[in-house]
Amino acid sequence: QVQLQESGPGLVNASQTLSLTCTVSGGSITTSEYSWSWIRQPPGKGLEWMGVISYDGSTYYSPSLKSRASISRDSSKNQFSLQLSSVTPEDTAVYYCARARAGDHGSWGQGTQVTVSS
């Protein structure tokens, strides 16, 4: 059974870059038919899909992030990462990594709280 675990700093200063890593166990991030997403939930708001990296390394992002987001992977460590630049307090959220198949996010990490301080 696949497991995902987010890691990274819980506090980031405004204007800096937020960096998170998702470590995957029980399944390879290069296995075809799966893709790997970052999703966040700001306080009091709904889930927001941020972007995805596919099994072949291709990436897609939410237009709302206006090119601030970048997703990469380290296949040797079975990890994928998120970088979000020029953060503001509006980027404060619980950040999740998740595995998707045919658009369905069936496996999720537990989430990590990130607070952006002004």
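**Core, disulfide and aromatic contacts in a predicted model**

Asparagine 78 is buried, with a relative accessible area of 14%, where buried means under 20% relative accessible area, exposed over 50% and partly exposed in between, for a 1.4 Å probe and protein chains only. The structure is a predicted model, in which local features need pLDDT of at least 70, side-chain atom pairs count only at pLDDT 80 or more, and totals for chains, interfaces and linings use all residues. Residues are numbered from 1 along each chain as its sequence is written, and side-chain values use heavy atoms, with hydrogens and water left out.

Asparagine 78 is located in the loop between β7 and β8; helices (H or I, at least four residues) and strands (E, at least two) are DSSP runs, numbered from the N terminus. The backbone here merits a look, as phi of asparagine 78 is near 55°, a positive value in a residue other than glycine. Alanine 102 also has a positive phi, near 50°. Alanine 102 belongs to the loop between β9 and β10 (104–108) and is exposed, with a relative accessible area of 82%.

Turning to the interior, the largest nonpolar core contains 25 residues. Such a core is a set of buried Ala, Val, Leu, Ile, Met, Phe, Trp, Tyr and Cys residues joined through side-chain atoms within 4.5 Å. The residues with the most contacts inside this core are Leu18, Trp36, Trp38, Phe80, Leu82 and Tyr95. Two or more residues each come from β3, β4, β5 (48–54), β7 (69–74), β8, β9 and β11 (112–117), and the largest share, four residues, is given by β3. For leucine 82, contacts (heavy atoms within 4.5 Å) beyond the neighbours within four places in sequence include Leu18, Leu20, Trp38, Met50, Ile71 and Tyr95.

A pair of aromatic rings is described by the distance of the centres and the angle of the planes. Rings of Phe, Tyr and Trp (its six-membered ring) pair if their centres lie within 6.5 Å, and planes under 30 degrees apart count as stacked, over 60 as edge-to-face and the rest as tilted. Three aromatic pairs emerge from a search of the whole structure. In one, the ring centres of tryptophan 36 and phenylalanine 80 are 5.9 Å apart with planes at 55°, so the pair is tilted. This pair connects distant parts of the chain, 44 residues apart: tryptophan 36 is in strand β4 (residues 35–41) and phenylalanine 80 in strand β8 (residues 79–84). Tryptophan 36 is buried at 1% relative accessibility, and phenylalanine 80 is buried at 0%. Together, Trp36, Trp38 and Phe80 make up one aromatic cluster.

The structure has one disulfide, defined as a pair of cysteine sulfur atoms within 2.5 Å. It is formed by cysteine 22 and cysteine 97, with the sulfur atoms 2.1 Å apart. The torsion about this S-S bond is about 65°, so the disulfide is right-handed. Cysteine 22 in strand β3 (residues 18–25) and cysteine 97 in strand β9 (residues 93–101) are 75 residues apart. Cysteine 22 is buried at 0% relative accessible area, and cysteine 97 is buried at 0% relative accessibility.

Aspartate 91, in the loop between β8 and β9, is buried at 2% relative accessibility. Beyond its neighbours within four places in sequence, aspartate 91 is in contact with Arg40, Arg68, Leu84, Ser86, Val114 and Val116.
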